[in-house]
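Q: Please take a close look at a single helix of this chain, at what covers it, and then at how it sits within the whole.

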Amino acid sequence: SLLEGPPPAGLATTVAERTGGNPLFVEELVASLLETGAVARDGDAWTMQPGRDAVELPATIETVLAARIDLLSRPTATLLQTAAVIGRRMRVELLRAVARDLPAVDGRVDELVEKGFLEVAGEDGGAEVVIFHHALILDAAYARLLRKTRREMHRRVAEVGEELYGVSDENIDLLARHYYLAEVADRAVPYLVRAGERDKRLFANDEA
């Protein structure tokens, strides 16, 4: 179905065995085969390219995701990592502001949606929202960042979020989380306490 035509001989069986039938793994493996040119269309069907063997498919979803990220241009991969720092779900305007040093952010967001890394998830207060297609994609992008870089980026997200949205009950979770992960204790603690008090008022005891 993903290829919209008969796959090369033996490929479906090998993919099923390698992925255990996990839908995300199947999707990512097929996307990787297409992006690397390992399979090519031959009329109404597909063939493995010379020198390629279905048995050599990556053994883990993490390997496939890392390989697909490596195929992105550096600015697009950086944008994906920036999105991973923000979280699973984000306003595009926040991503655009955090990644303002990157060229053509909107076009790169469209590319990441087209390639299945992100999905459009409607709007939030009139602002376009995107989400990661799967948490494992977020994890794979985030894992490629050095710890120091993660801290710096979390602080940037918090500062930009505060600049864009101010400090309100609707925004307090964002600020608390990112200042905390940036290890900026003097900013994180008051926001964490405020977020906890808000949740307590709403009887969201587990969150509090």
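A: **Helix H9 and its surroundings**

In helix H9 (residues 172-181), the buried residues are Ile-172, Leu-174, Leu-175, Ala-176, His-178 and Tyr-179, where buried means under 20% relative accessible area with a 1.4 Å probe and protein chains only, and helices are DSSP runs of H or I with at least four residues, numbered from the N terminus, as strands are runs of E with at least two. The model is predicted, so local features need pLDDT of at least 70 and side-chain atom pairs count only at pLDDT 80 or more, while totals for chains, interfaces and linings use all residues. Residues are numbered from 1 along each chain as its sequence is written, and side-chain values use heavy atoms, with hydrogens and water left out.

An α-helix has 3.6 residues a turn, so residues three or four places apart point the same way. The cover over the buried residues of H9 includes helix H4 (74-86), helix H5 (92-98), helix H8 (147-165) and helix H10 (185-201), a contact being heavy atoms within 4.5 Å. Just after H9, Glu-183 adopts a positive phi of about 65 degrees.

Turning to the whole, the protein chain has ten helices and five strands, and 39% of its 208 residues count as buried. Among its contacts between residues at least 6 apart in sequence, 62% join residues at least 24 apart. Taken along the principal axes, the C-alpha atoms of the protein chain fill a box of roughly 60 × 40 × 35 Å.

Notes:
Buried < 20%, exposed > 50% of the residue type's maximum accessible area, 1.4 Å probe, protein only.
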